[in-house]
Amino acid sequence: MKLSAGIGILGCGTVGSSVADRLQRERAAIESRSGVRYELRAIAVRDEAKVRATSLGRELFTTDAGSVIDDPQIDVVIECIGGTADATELVERALDRGRHVVTANKDLLATQGPRLAAIAASRGVTLRYEAAVGGAIPIVRSLDDALAGDEVRAIAGVFNGTCTSVLSAMEDGANYADALLRAQRLGYAEADPSNDVEGHDAAHKLALLVQLAFNLAVLSPRIRRSGITAITRRDIARARMLGLRIRLIAAAVRTPDGVQADVAPLLVPGDHSFAKTRGAENVARVIARDAGALELRGAGAGGPATASAVLGDVVTTLRAIGERHDLSHRGRDRALQPALEVAPLFDALPRHPDLAHLAIWEDDAGTIDLSKHRVHAARGHRVDKRSQGACPQV
Ligand code: NAP
Ligand code: HSE
């Protein structure tokens, strides 16, 4: 049994610094839970001279990310750089060298996840990414493990903390620019916040959820998306008068040929759980054949919340190293099926004449397409009068 492991971190910003601090401060608890001792050997950053609000020793820092990956004493690489510019090559190199990788990078996974998962499987190492969707919410494991024996039919929710933070601040009277600046200061926004407010980040997350939930090889560019940049304070005020709130919703429904999926700002009834999100809060609603409707909610962004998910993946990886698990069986992603069709989902939703540019979310959005097909009745499903069959509510 291997009782010690070396860890390297790439990136020490909002997420990386929180992960590194906790690896140092909570060593006893993490080693006890994983059963493996570890050494944090190096942290790669872009600018070594930058002042960092962390108690980590300067000797840990390097600007040479390649040297961290190539260090033969490092077993686990935690990628917290973000984007695809540098992270793609670095993660690929880490997997290729036989390092286990933990990452929070949805841009990378939603565009290249199946390829990277295949490299990981071929090297017998793991690629874990709980933090990439929903921050602290354990939605990746829920789909990949807990619901692996069921058949997930639909998934929907609020998956971008920056957008919710901006929209809920505008509800309180803030203007768009100030609200976005605040979300950036709180560490919620991506390095380029247009990723958040234009819906790319939510589309990346939805693609990952589709891969996990439906076993379909759908990459994010195939998903139609729009963002919140055109939402005005007048829209928000008018929506409130109608008992509605505006939230960026991401949703996908399994169809016989693939999937219907969309990311867009929608009007949501004020008493709906999606509408009740504020700040960086996320909600994930899953409809499975036997489990019925499940909902998870919690902190979707921010350093400590995201670090919680990253460290959960680190503990799982250390446990596997300690137990010398054969990790090559985790090649589930290699078996992803092609999705013949990735069609829009929100076109059939109703609209209100006063805010006709925004559709209104309905929990039975999943019936839009499934109602055309026979879906067997199951717990948590309602009878759809249009089809005389039972359809899952999203
Ligand atoms: P961030 O604050 O911008 O930090 C990025 C870090 O990467 C910085 O420390 C930067 O170095 C370093 N870096 C950039 N290029 C590098 C290179 N070529 N070599 C070495 N280091 C490099 O980003 P973040 O908010 O922590 O996000 C990191 C990842 O977590 C992203 O994939 C993001 O989508 C994901 N995520 C973030 C959150 C959140 O709430 N922030 C939540 C979930 C997931 P310098 O410090 O020297 O500039
Ligand atoms: N930029 C992302 C958000 C971070 O605002 O939700 C969490 O993935």
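How far does an oxygen atom of ligand 1 lie from a polar backbone atom of V15? In this predicted model, the separation between that backbone atom of V15 and the ligand oxygen is 2.8 Å. A polar backbone atom of G13 likewise stands 3.0 Å from an oxygen atom of ligand 1, while from E190 a polar side-chain atom is placed 2.6 Å from an oxygen atom of the ligand. Of the 910 Å² that ligand 1 exposes when taken alone, 89% is buried by the protein.

The surroundings of ligand 1 comprise 24 residues, of which C12, D47, K50, E190 and G302 are the closest. E190, named above for its side-chain contact, thus also appears in the list of closest residues. By character, the shell around ligand 1 is made up of nine nonpolar residues, eight polar residues and seven charged residues.

Turning to the strands, an open sheet is formed by six of them, which follow one another in the order β3-β2-β1-β4-β5-β6 and pair in parallel. The edges of this sheet are occupied by β3, spanning residues 61–62, and β6, spanning residues 127–128; each has a single partner strand, so one side of each is left without a neighbour in the sheet. In general, the strands of a sheet are paired through backbone hydrogen bonds, in either a parallel or an antiparallel sense. For the edge strand β6, the pairing is with β5, which covers residues 100–103, and this parallel pairing runs over two bridges. Within it, V102 has R128 of β6 as its bridge partner.

How values were computed. Residues are numbered from 1 along each chain as its sequence is written. Chains are lettered from A and ligands numbered from 1 in the order in which they are written. This is a predicted model: local features need pLDDT of at least 70, side-chain atom pairs count only at pLDDT 80 or more; totals for chains, interfaces and linings use all residues. Side-chain values use heavy atoms; hydrogens and water are left out. A residue is near a molecule or strand if one of its heavy atoms lies within 4 Å of it. A polar contact is a pair of N or O atoms within 3.5 Å; within protein, one must be able to donate a hydrogen and the other to accept it, and residues adjacent in sequence count only if both atoms are side-chain atoms. Accessible areas come from the Shrake-Rupley method with a 1.4 Å probe; for residues, only the protein chains shown count as cover. Ala, Val, Leu, Ile, Met, Phe, Trp, Tyr, Cys and Pro count as nonpolar, Asp, Glu, Lys and Arg as charged, and the others, Gly among them, as polar. Two strands pair if DSSP finds at least two bridges between them. Helices (H or I, at least four residues) and strands (E, at least two) are DSSP runs, numbered from the N terminus.
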